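Visitor: Before we begin, I would like to ask about the aromatic side chains and about the reasons behind the labels given to them.

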Amino acid sequence: MDGGGAYGGGKAGAPFDPIQFVQRPQVILRAVCLLFAIIVFGCISSQGYYFDHEEKKEVCLYNKDNNACNYGVGIGVIAFLASIGFLVGEFMFEQMSSVKTRKHYVLGDLGFSGFWAFLYFVGFCYLANQWSRAETPQGGYGVNNVQAAIAFSFFSIFTWVCYNMCMRIFINNSQS
């Protein structure tokens, strides 16, 4: 185990090395998850809606299905907040002296990551389906943003799954 503690953590109270922290695969992947979440909800929030003069209200570019825009923004915002929370947890991981606390953190992180990969899969399918049925807006307003949100929903599936696999490898290596 190379002197490591439970669930891959070093001894509690060890000095913090910021370079080593940033180079951890789980920190890099979590930062990528955070970036993709910003892109997904940012693209939909900024140009995912337009004003429909016939209906006299703002409607979603995804086939006028406001639920599609709400879903995309929702999973993006929650993924953003969760990524920040898990990065803070990763930062505090070395300070967790209780094996039980480390275990709960790691298992919670694994469960959430797997579930969120599934929600991004659902979101990708939903957004892509609604976009394929939508009419192209006048002047191409928001087309690039809507397509970017779909693309980064797809990429997010893999980042959350890769993070989950990275954590499993991390756990297996720390227990051997």
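**Aromatic rings and their partners**

Visitor: What makes Phe154 count as partly exposed?

Guide: In this predicted model, the relative accessibility of Phe154 is 33%, and since partly exposed covers the range between under 20% and over 50%, Phe154 counts as partly exposed.

Visitor: Why is the pair of Phe124 and Phe154 called tilted?

Guide: The structure holds 16 aromatic pairs; in this one the ring centres are 5.0 Å apart, with the planes at 50°. The centres therefore meet the limit of within 6.5 Å, while the angle is neither under 30 degrees nor over 60, so the pair is tilted.

Visitor: Which parts does the pair of Phe124 and Phe154 tie together?

Guide: Phe124 belongs to helix H4 (residues 99–133) and Phe154 to helix H5 (residues 143–175), so the contact links parts that are 30 residues apart in sequence. Phe124, at 23% relative accessibility, is partly exposed.

Visitor: What makes the pair of Phe152 and Phe155 edge-to-face?

Guide: Their planes stand at 90° with 5.2 Å from centre to centre, and because an angle over 60 degrees counts as edge-to-face, the pair takes that label. Both residues lie in helix H5, 3 residues apart, about one turn of the helix.

Visitor: How do you know that the charged end of Arg30 sits over the ring of Tyr163?

Guide: The charged end of Arg30 is 3.7 Å from the centre of the Tyr163 ring, which is within the required 6 Å, and Arg30 is listed as sitting over that ring. Arg102 likewise lies over the face of Phe93, at 5.0 Å from the ring centre.

Methods: Residues numbered from 1 in each chain as written. Predicted model: local features only at pLDDT ≥ 70, side-chain atom pairs only at ≥ 80, totals over all residues. Heavy atoms only, no water. Phe/Tyr/Trp six-rings, centres within 6.5 Å; stacked < 30°, edge-to-face > 60°. Helix = DSSP H or I, 4+ residues; strand = E, 2+ residues; numbered from the N terminus. Buried < 20%, exposed > 50% of the residue type's maximum accessible area, 1.4 Å probe, protein only. Lys NZ or Arg CZ within 6 Å of the ring centre and 35° of its normal.
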